[in-house]
Every structure is written in C-alpha cells, then in structure tokens.
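This briefing walks through one protein chain, from single contacts to the fold as a whole. Please keep the sequence and the 3D view open while you read, and find each residue as it is named.

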Amino acid sequence: MLMSNSVEIKYELLFRLRKKTWKNPGTVFLDYHVYEEDINISSNWEVFLEVLEEPERMKSMSQLAVLTRRWCPAQMNLEAFREVVLESSSVEELKEKASVKQKLSH
C-alpha cells in the first residue's frame, strides 16, 4: 500500500515461481509446493519469479501453461505473449482457448 498526499493506493503484486528450461519458461510451481520438498533445485537449475497480470489460473500440475502470440499480417508484427492454461494437451482445446482469449482482448 502506498500513501501519497493523504490518498491511499492499494495494490497487490501477483507472482509465481517458474523453472527456467534453457532460455524458455518451464514448469510452473504452484502455491502448495514447498521449497526443498516439492521443488528440488540443484546447482544447474535456474528459476525465476514471474509477475502475473491477473490471478493465478494454474491450480494443478495436470494443467499446461502455453504462451501464445497472435500474428497480425496487415501490420507485419506479432502481438505480446499471452498465456493460455489448458486442461489437456489437445490442439482443439488450444484453438478454443486461444480464440476466446483473442476475442476478450479486442
């Protein structure tokens, strides 16, 4: 919480711990994981703290977090990465959730 000229500004920083796999984000460690019990970090592992823009949607290790980017051919550019959380690894679910995410953002 910040105080500025007698105005109270409330904020909440959301984040999660993630394993780094080569140069890419890897395993998402959930709130119930305990460091050194569930998260065995060895000397050659790297982890990072990922700041979230919305509340955590990953609730189970059976879910899959996929980063997607939309191609805009008219502008010849890619939009920012967006995370899609899948319940299974089916292409149909990925298409469905990515298209819903796309519609919500525009």
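A good place to begin is Val85, which, when its neighbours within four places in sequence are left aside, is in contact with Arg57, Met58, Gln63, Leu64 and Lys97. Two of these names, Met58 and Val85, return in the largest nonpolar core, which has 5 residues and also takes in Val28, Leu30 and Ala65. Please bear in mind throughout that the model is predicted, and that the values below are computed from it.

**The chain as a whole**

- The chain has 9 strands and 1 helix, and when the elements are followed from the N terminus they run β-β-β-β-β-β-β-β-β-α.
- Of the 106 residues in the chain, 20% count as buried, while the accessible surface comes to about 8,500 Å², with 55% of that area belonging to carbon and sulfur atoms.
- When contacts between residues at least 6 apart in sequence are considered, 45% of them join residues that are at least 24 apart.

**Strands β3 and β4**

- Strands β3 and β4 pair in the antiparallel sense, and the pairing extends over 4 bridges.
- Within this pairing, Leu17 stands opposite Phe29, which belongs to β4.
- The hairpin of β3 and β4 has 2 residues between the strands, and in this hairpin Trp22 takes a positive phi near 60°.

**His33 and its surroundings**

- Where does His33 sit along the chain? The place of His33 is in the loop between β4, which covers 24-29, and β5, which covers 46-52.
- His33 counts as buried because its relative accessibility is 17%, and the cut-off for that class is under 20%.
- A polar atom of the His33 side chain lies 2.7 Å from the backbone nitrogen of Leu30, and Leu30 is one of the residues of the largest nonpolar core.
- If residues up to four places away in sequence are not counted, His33 touches Asp38, Ile39 and Met61.

**Salt bridges**

- Side chains of opposite charge can pair when their charged atoms come close, and a search of the whole structure finds 11 salt bridges.
- One of them is formed by Arg16 with Glu56, where the closest N and O atoms are 2.6 Å apart. This pair links distant parts of the chain, with Arg16 in strand β3 (residues 14-21) and Glu56 in the loop between β5 and β6 (64-68), 40 residues apart.
- Arg16 is buried, with a relative accessible area of 3%, and Glu56, at 18% relative accessibility, counts as buried too.
- Glu54 and Arg57 also meet through their side chains in a salt bridge, at 3.0 Å from N to O. Glu54 counts as partly exposed because its relative accessibility is 34%, and Arg57 counts as partly exposed at 30%.
- A further salt bridge is formed by Arg82 with Glu79, the closest N and O atoms being 3.2 Å apart. Here Arg82 counts as partly exposed at 23% relative accessibility, whereas Glu79 counts as buried at 16%.
- Which residues are joined into one network by salt bridges that share partners? They are Arg16, Arg18, Glu50, Glu54, Glu56, Arg57 and Glu83.

**Glu50, a member of the network**

- Glu50 is found in strand β5, and this residue counts as buried because its relative accessibility is 19%, where buried means under 20%.
- The side chains of Glu50 and Arg18 are joined by a polar contact of 3.1 Å.
- Leaving aside neighbours within four places in sequence, Glu50 is in contact with Leu14, Phe15, Arg16 and Arg18.

**Lys97 in the helix**

- Lys97 has its place in helix α1, which spans residues 91-105, and at 26% relative accessibility Lys97 counts as partly exposed.
- With neighbours within four places in sequence left aside, Lys97 is in contact with Val84, Val85, Leu86 and Glu87, and so this list leads back to Val85, whose own contacts include Lys97.
- The C-alpha atoms of Lys97 and Glu83 are separated by 9.9 Å, and the two residues are 14 residues apart along the chain.

Key: Residues are numbered from 1 along each chain as its sequence is written. This is a predicted model: local features need pLDDT of at least 70, side-chain atom pairs count only at pLDDT 80 or more; totals for chains, interfaces and linings use all residues. Side-chain values use heavy atoms; hydrogens and water are left out. A nonpolar core is a set of buried Ala, Val, Leu, Ile, Met, Phe, Trp, Tyr and Cys residues joined through side-chain atoms within 4.5 Å. Buried means under 20% relative accessible area, exposed over 50%, partly exposed in between (1.4 Å probe, protein chains only). Contact means heavy atoms within 4.5 Å. A polar contact is a pair of N or O atoms within 3.5 Å; within protein, one must be able to donate a hydrogen and the other to accept it, and residues adjacent in sequence count only if both atoms are side-chain atoms. Accessible areas come from the Shrake-Rupley method with a 1.4 Å probe; for residues, only the protein chains shown count as cover. A salt bridge is a side-chain nitrogen of Lys or Arg within 4 Å of a carboxyl oxygen of Asp or Glu. Two strands pair if DSSP finds at least two bridges between them.
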